[in-house]
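Here are some short exercises to work through with the model open beside you. Try each task before reading its solution.

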Amino acid sequence: MKTRSYLLMLASAAALSACGGTGTDAVPTPGATTASDDPRAMQTIVVWRAHVDTLALRVAQLDSAAVALRTDGDVPRVKSAFVEARRAFKLSELALEYYTPTTAKEMNGPALPEVDDEEGPEAVFPPTGFQVIEEALYGDAPVSEREAITRETGTLRPLVTRAQTMMGAQHASDAHVWDAVKLELARIATLGLPGFDSPVAGHSLAEADAALEGVVRTLAPYHAADSTWSRVDSLLADVRAMLNATTDRETFDHFAFLSQRLIPLGQAMQQVRLSMAIGVPAELRPFRMDAATVFDSAAFDAMGFAPIDARPGTPEQIALGERLFHDTQLSGDGTRACSSCHVPEKAFTDGLAVNRARGGALLARNTPTVINSGLQLGSFADLRTTYLEDQVTDVVENVDEMHGSLASIAARLALDSSLVSQFRGAFANASVRTDSVVTAAQIRTVLAAYQRSLTRLNSPVDRALRGDVNALSAEERRGFNVFVGKGKCATCHFIPLTNGTVPPAYRKAEVEVLGTPSRAVTANATIDPDLGRYRLTRAEPHRYAFKTPSLRNVALTAPYMHNGVYGTLEAVVDFYNRGGGAGIGIELDYQTLPPDSLRLTAVEQRALVSFMKALTDTAGTQRR
């Protein structure tokens, strides 16, 4: 357990208790009231505390069963206790994730070692909590090798005690209660249903129902007998009936569930909140505060992924950024522009396995698209920069790519009267004045603004999820179900963005060790020598680890993987279906992709490819 965070969490409990789940007091917007004026919210806090108390009881029972397992070998008893404890966690999840996210993660994070990048390569912490227990209890290891069960049940107990302490000091406003509910619905859609936190036992449908029960109990103090609530009640009944009709997530109709039930439920809850004149917390985050669901057409704010001091790009800045994107003056020798590799007509890729460096040598990695690059936390395959502004600096000053200097390029651009005029117009209302006509910071700003303007979330898949029944074919819908269900693709490529920035907070980007080969073979493969994120962190779990890219417009961005080893989507699906590197002869200590075959049929694989091709939306991205 990461006890280093315990004192920090306790110290911040008082700050957290003010209202919001961000560690600071939230300033309510019109329609929202303060914590002391929200009696219904305080009734909800009582419900949440009772849920956490129940969780403590169920975890204690699980711990007792695990300890007894050493002598009685009663695995069914432990499994039963585990199911009850997990249900209790799901009832509490809404509150725990909102107000005690660090503790919630320690209780229920992935069963993978975690690297603390800021503390050096030795700062590798073992996983803790429910998912470790699940893997030990439901995995392939014999009972005699399941020491992790007892160890982790013992770890859970103080974590729950910590949560009880923090929730005991918690207050809330109506706005924050409803915000927590909205985030929980997003969590169910993006993490719960795809099986992100029940990867071995496969209990995701039942646990989604438990999470919805937590939502129902949370909103009980607000419930009224009127038409807006009647719509919510009807949808809730339909949602839960569908979840309880089967336990098999592989055959579950995820598309119908989301498009016909869960998304309409989120929209109906939004209408109830508005009818009650309950506002939203004053906070900037990627998942917009006023959006009903993560599937809304305007659900995401690219500025939520930007530096805290960044401002939305103006039309003038975006136009200037587009011009510079195509300007060879940004390279040291004046021969290469951003668009030399990020070709708009190829969805801002180049169609090559890897491009060439200055001088003709091959670059190390495949060129990614920049469409939707503003909707992720982290750039480059090794996540070496967090924000687009820093990505600009890295590319321009990289000796193998642009081999320039932002300072010298700014001086060069200042000699171009046309550009000087455009820079003055773009920054006419800048809060910070400089003596320079063109600055490095301004170049970073406009190029980042242009990339953020390339946000496109209106593919056939998006339109279908929003209710356009004719947007997808039957095969594409089947492919969606494979993607979220049997194929387990959505446990890394999180819907709806399909990248690796973890919803619904979108504050962390995942890297994965897939075992990508150096050549496209299906047996006796060798690992591609690129060490990935390990080159930066020197932490062993990051050896051969790479960022999870977006799959949007993937039909247009071949070849695939960080080294461009696969020329078709069919080849990529075959690689995953075999169990990644482990399935083609590559042995790695930290492969994060499950090594077992997905057992996808030929029909399922074709449907999956069809679905991914339906993620295409490049409207309006060509040069104006």
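## Two cis peptide bonds

P504 sits in the loop between α18 and β3 (511–513). The model is a predicted one, and every value below is computed from it.

**Exercise 1.** Find what kind of peptide bond leads from P503 to P504, then do the corresponding check for the bond that joins A558 and P559.

*Solution.*
- Step 1: Look at omega from P503 to P504; the angle is near -5 degrees, and the bond is cis.
- Step 2: Move on to P559, in the loop between β4 (545–547) and α20.
- Step 3: Read omega between A558 and P559; at about -5 degrees, this bond is cis too.

## Positive phi in loops

**Exercise 2.** Locate F348 and N553, read their phi angles, and decide whether each residue is buried or exposed.

*Solution.*
- Step 1: F348 belongs to the loop between α12 (315–325) and α13 (388–397).
- Step 2: Its phi is near 65 degrees, which is positive even though the residue is not glycine.
- Step 3: Buried means under 20% relative accessible area. F348 has 0% relative accessibility, so it counts as buried.
- Step 4: N553 lies in the loop between β4 and α20, and its phi is about 65 degrees, again positive in a residue that is not a glycine.
- Step 5: With 0% relative accessibility, N553 is therefore classed as buried.

## Two surroundings

**Exercise 3.** Describe where V239 is placed and which residues it touches beyond four places in sequence.

*Solution.*
- Step 1: V239 is in helix α10, which covers residues 227–244.
- Step 2: Its relative accessible area is 0%, so V239 is buried.
- Step 3: Setting aside residues up to four places away in sequence, V239 touches L212, F257, R261, L262 and L265.
- Step 4: Take F257 from that list: 18 residues separate it from V239 along the chain, and their C-alpha atoms are 7.3 Å apart.

**Exercise 4.** Now do the same for D416: where is its place, and which residues is it in contact with, leaving aside neighbours within four places in sequence?

*Solution.*
- Step 1: D416 is in the loop between α14 (406–413) and α15 (417–426).
- Step 2: Its relative accessibility is 22%, so D416 counts as partly exposed.
- Step 3: Apart from those sequence neighbours, D416 is in contact with R323 and Q329.

## One helix and its packing

**Exercise 5.** Compare the reach of helix α21 with the expected span, and find what its buried residues pack against.

*Solution.*
- Step 1: α21 runs over residues 602–613, 12 residues in total.
- Step 2: From first C-alpha to last it reaches 17 Å, close to the 16 Å expected at 1.5 Å a residue.
- Step 3: Its buried residues are Q605, A607, L608, V609, S610, F611 and M612.
- Step 4: These buried residues pack against α17 (460–465), α18 (474–484) and α20 (569–577).

## The whole chain

**Exercise 6.** Judge how compact the chain is for its length.

*Solution.*
- Step 1: Count the elements: the chain has 21 helices and four strands.
- Step 2: The radius of gyration is 25 Å and the globule rule gives 25 Å for 624 residues, so the chain is as compact as a globular protein of that length.
- Step 3: Buried residues make up 55% of the 624 residues.
- Step 4: Of the contacts with a separation of 6 or more, 69% link residues 24 or more positions apart.

Notes: Residues numbered from 1 in each chain as written. Predicted model: local features only at pLDDT ≥ 70, side-chain atom pairs only at ≥ 80, totals over all residues. Heavy atoms only, no water. Helix = DSSP H or I, 4+ residues; strand = E, 2+ residues; numbered from the N terminus. Expected span 1.5 Å × (residues − 1). Buried < 20%, exposed > 50% of the residue type's maximum accessible area, 1.4 Å probe, protein only. Contact = heavy atoms within 4.5 Å. Rg over C-alpha atoms; globule rule 2.2 N^0.38 Å.
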